[in-house]
Amino acid sequence: MRPFGTTIFAEMSALAVRTGSVNLGQGFPDTDGPAVMLDAAAAAIHGGRNQYPPGPGVPELRTAISAHQKAFWGLDYDPDGEILVTAGATEAIAASILALCEPGDEVVCFEPYYDSYAASIALAGAVRRPVTLRAHDGRYTFDPAELRAAFGPRTRLVLLNSPHNPTGKVFSADELAQVAALCAEFDAYAVTDEVYEHLVFSDAAAPHVPLASLPGMRDRTVQISSAGKTFSCTGWKIGWACGPRPLVSAVTRVKQFLTYVNAGPLQPAVAVALDSPPSYYEQFRDDLQRKRDRLCQGLTEAGFAVLRPEGTYFVTADITPLGGTDGVEFCLALPERCGVVAVPTQVFYDDVTAGRRLVRFAFCKRDEVLDEAVARLRRL
């Protein structure tokens, strides 16, 4: 782990506090989730549900996750043996990689990637094989030849994040089919990070499609999501992994020696939230889409070249029109220049050149916060 220091999110958030800047770096909302969920958590705390929950998660949450996967994605998972509750999606990803990879195995992933991916692959003694997403005609794409070249005899799994952080890309049906075909050809597993599954905007080129729903992929996929992004409770750290019994069993054996169990009184509250009507998910998405448009317009007016996201909490922008040549330098100077914090996306690339001039802003904030950030950025 020597190459891994403090995460960029912690560094930039500390910088925001130190300088009194508007923090559009780390992806957490500044409002709470639905009241019915918060009330259920309070009731569980006062109702005595404060001890160790069952290892796989409380039954009502596993049942609610199963119902959610069936209702939204047409995927059937048995709550008893095919669903595991974890300490956020981050633990689910780490436990899955540790469970499925041996030292020297190779993991295909798309860069830029969430920073915990590289750390988890390193902890497993595995080797990452990145495929670079590049901006083309306003959206991020990859070269199919590069994807095929990343696979080989040591390929153990593909790590796929869609909707994708930090680019906001939603992988199309054709792109997912390419991934699925290569998984079958090389007998590889897939681990899918789908925490933004409900944040695909109405003008996206494609809807969210779980890789596990493609022919032949359910039996080789660990599907991961969490409550944090969908219900604005990132601090609760409640995630889950769904998949065929043998894979979930392997992930469970690792998870029990990481956190053992987590968030006992919060798990039944998330079960309540997952039972929200479809209107909740639609309103939540529409509100984030409006915030996206608000920030994209402001960034454009401030002089950035904006890459409009199809989903997630984030928008990436090119700093070249503002004279920027290095995202890290730009983001470190930004708080002093105008009092705003962003994240340099080059730290999420192996091919640093591909992301050197891109920075990421989070728009999951109150309108007045976004407006203040934009007003400050106009000073650039």
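**Exercise 1. Find the bridge partner of Asp318 in strand 15, then place the two strands in their sheet.**

Step 1. Asp318 is bridged to Leu358 of strand 15. The model is predicted, with local features requiring pLDDT of at least 70 and side-chain atom pairs pLDDT 80 or more, while totals for chains, interfaces and linings use all residues. Residues are numbered from 1 along each chain as its sequence is written, and side-chain values use heavy atoms, with hydrogens and water left out.

Step 2. Strand 12 (residues 314-318) and strand 15 (residues 358-362) are antiparallel and share 5 bridges. Strands are DSSP runs of E with at least two residues, helices are runs of H or I with at least four, and both are numbered from the N terminus; two strands pair if DSSP finds at least two bridges between them.

Step 3. The open sheet has 4 strands in the order 11-12-15-14, with antiparallel pairing. Strand 11 (305-307) and strand 14 (343-344) are at the edges with a single partner strand each, so one side of each has no neighbour in the sheet.

**Exercise 2. Determine which residues touch the most other members of the largest nonpolar core.**

Step 1. The core holds 90 residues, and the answer is Phe304 and Phe361. A nonpolar core is a set of buried Ala, Val, Leu, Ile, Met, Phe, Trp, Tyr and Cys residues joined through side-chain atoms within 4.5 Å; buried means under 20% relative accessible area, exposed over 50%, partly exposed in between (1.4 Å probe, protein chains only).

Step 2. Helix 10 (residues 278-302) gives the most to this core, namely 8 residues.

Step 3. Beyond four places in sequence, the contacts (heavy atoms within 4.5 Å) of Phe361 include Leu24, Leu295, Phe304 and Leu377.

**Exercise 3. State which residues of helix 3 are buried and what they pack against.**

Step 1. Helix 3 (residues 59-73) buries Leu61, Arg62, Ala64, Ile65, Ser66, His68, Gln69 and Trp73.

Step 2. These buried residues pack against elements including strand 2 (83-86), helix 9 (267-274) and helix 10.

Step 3. Gly74 follows helix 3 and has a positive phi, near 70°.

**Exercise 4. Describe the surroundings of Arg148.**

Step 1. Arg148 is in helix 6 (residues 144-150) and is partly exposed, at 43% relative accessible area.

Step 2. Not counting residues up to four places away in sequence, Arg148 touches Leu182, Glu185 and Phe186.

Step 3. The side chains of Arg148 and Glu185 form a polar contact at 2.7 Å. Such a contact is a pair of N or O atoms within 3.5 Å; within protein, one must be able to donate a hydrogen and the other to accept it, and residues adjacent in sequence count only if both atoms are side-chain atoms.
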